[in-house]
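Biologist: I would like to learn how to read a model of this kind, feature by feature; could you give me each general idea and then the case at hand?

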Amino acid sequence: MGEGMRYNQPLGGNEMPRFGGHATMMRLPIQESADGLDACFVGIPMDIGTSNRAGTRHGPRQIRAESCMLRPYGMGNGVAPFENLQTADIGDVAINTFNLVASCDIITRCIAGILEHDTVPLILGGDHTLTYPVLRAIAAKHGPVALVHVDAHADTSDVMFGEKIAHGTPFRRAVEEGLIIPDKTIQIGLRGTGYSAVDYDWGRDRGFQVVPAEACWHKSLSPLMAEFRDRVGGETPTYITYDIDSLDPAFAPGTGTVEIGGLTTIQALEIIRGCKGLNIVGGDLVEVSPPYDPTGNTALIGANLLFEMLCALPGANG
């Protein structure tokens, strides 16, 4: 038995047909806690923070279902994460679907419990509200973090319908509470209509690097990520938050707040692969709403991007 065989492996397509077996992330073993894990997949099935189309409460289940197509070796990135990181699916956070504020507290406690095991959580969302309570736990463990935020929207609103907590407010709350490092925060893919010419300036005024979608059109994003890695360095704890609506709706129609003129799946891969070398301490993939994409492709893309996050973790390549 080789050294790598002690690590959990996804259930192979020649052992069980891909349409069979347990519907866990990549058909990995499931366990009740993060004990003994280097990384874990955890679902947060919520959509009570959304402002338009609902359905992201079904995101984690659909992402897991579509992840059955994934195999354990990254042909494009050359990484075999399951040979080097002990990984499992630890199920879902049991939110209070009738109380958003209470759900945020539940999420913070659950992620804090994962971090007690020095495990890196990779989160299947769920609407983007969840990133705020996750960052509360991450910052309590690691201090303020650098942030890679990929999204069609800045999510720096002060209030939505008078509420301070919603899927359009997490990064304003994160700055106010000292959870992220503003001058080591990058927002990529922002676009669409707004309320004024200064909609993105709240973040810029605090040090965010804001890269609108128009600045990404027709080009590779690998140089952008190389520049960001140089600025952040390999020691600063870093969190990745990837909103699936950053992608053009031609690729990912299954989300609640679609905007035209978005990123491509190739650019998405460049962004996440460009995070390799950073000290990634957690990540999430949010806003997959399966009812708006009956093909399952939006969830399949989400599953692939979560695998890419796993491959980008420190130690994933040995």
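Modeller: Let us begin with burial: a residue is called buried when its relative accessible area is under 20%, exposed when it is over 50%, and partly exposed in between, with a 1.4 Å probe and protein chains only. Please bear in mind that this is a predicted model, in which local features need pLDDT of at least 70 and side-chain atom pairs count only at pLDDT 80 or more, while totals for chains, interfaces and linings use all residues. Residues are numbered from 1 along each chain as its sequence is written, and side-chain values use heavy atoms, with hydrogens and water left out.

Biologist: Is Tyr132 buried or exposed, then?

Modeller: Tyr132 counts as buried, because its relative accessibility is 6%. Tyr132 belongs to helix H3, where helices (H or I, at least four residues) and strands (E, at least two) are DSSP runs numbered from the N terminus. Setting aside residues up to four places away in sequence, Tyr132 is in contact (heavy atoms within 4.5 Å) with Ile165, Pro170, Arg173, Glu177 and Leu179.

Biologist: How many of the residues of H3 are buried?

Modeller: Of the 12 residues of H3, 9 are buried, so this helix is largely enclosed by the rest of the structure. They are Thr131, Tyr132, Pro133, Val134, Leu135, Arg136, Ala137, Ile138 and Ala139. The length of H3 can be checked too, since the expected span of a helix is 1.5 Å times one less than its number of residues: H3 should span 16 Å, and its end C-alpha atoms are 15 Å apart, which agrees. After H3 comes Gly143, with a positive phi near 85 degrees.

Biologist: What does H2 reach from its first C-alpha to its last?

Modeller: Helix H2, residues 100-115, has 16 residues and reaches 22 Å, close to the 22 Å expected. At the N-terminal end of H2, Asn99 acts as a cap, with a side-chain oxygen 3.2 Å from the backbone nitrogen of Val101. The buried residues of H2 include Leu100, Ser103, Cys104, Ile107, Ile111 and Ile114. As a general point, an α-helix has 3.6 residues a turn, so residues three or four places apart point the same way. The buried residues of H2 pack against strands E1 (39-44), E2 (87-92) and E3 (120-125), as well as helix H3 (131-142).

Biologist: Which residues other than glycine have a positive phi?

Modeller: Among them are Met26, with a phi of about 60 degrees, and Asp118, with a phi near 55 degrees. Met26 sits in the segment before E1 and counts as buried because its relative accessibility is 1%. Asp118, by contrast, is found in the loop between H2 and E3 and counts as exposed because its relative accessibility is 56%. A further backbone feature is the cis peptide bond from Gly125 to Gly126, whose omega is near 10 degrees; Gly126 lies in the loop between E3 and H3.

Biologist: Which polar atom lies 2.9 Å from the backbone oxygen of Thr87?

Modeller: That atom is in the side chain of Asn8, and the pair fits the definition of a polar contact: N or O atoms within 3.5 Å, where within protein one must be able to donate a hydrogen and the other to accept it, and residues adjacent in sequence count only if both atoms are side-chain atoms. Asn8 lies in the segment before E1 and, at 18% relative accessibility, counts as buried.

Biologist: Which residues does His149 touch?

Modeller: His149, in strand E4 (residues 145-150), touches His128, Ala154, Asp155, Phe171, Ile186, Gln187, Ile188 and Thr241, not counting residues up to four places away in sequence. His149 counts as buried because its relative accessibility is 0%.

Biologist: What is the volume of the largest pocket?

Modeller: A pocket is an open set of points on a 1 Å grid over the protein atoms alone, where a 1.4 Å probe fits, with protein on both sides within 12 Å along at least five of seven lines, and its lining residues have an atom within 4 Å of a point. Grid points are joined across faces, edges and corners, and a volume is the space filled by probe spheres set on the points. The largest pocket has a volume of about 730 Å³. It is lined by 29 residues, of which His153, Ser157, Thr193, Tyr195 and Asp199 lie nearest its centre. The lining divides into 9 nonpolar, 12 polar and 8 charged residues, where Ala, Val, Leu, Ile, Met, Phe, Trp, Tyr, Cys and Pro count as nonpolar, Asp, Glu, Lys and Arg as charged, and the others, Gly among them, as polar.
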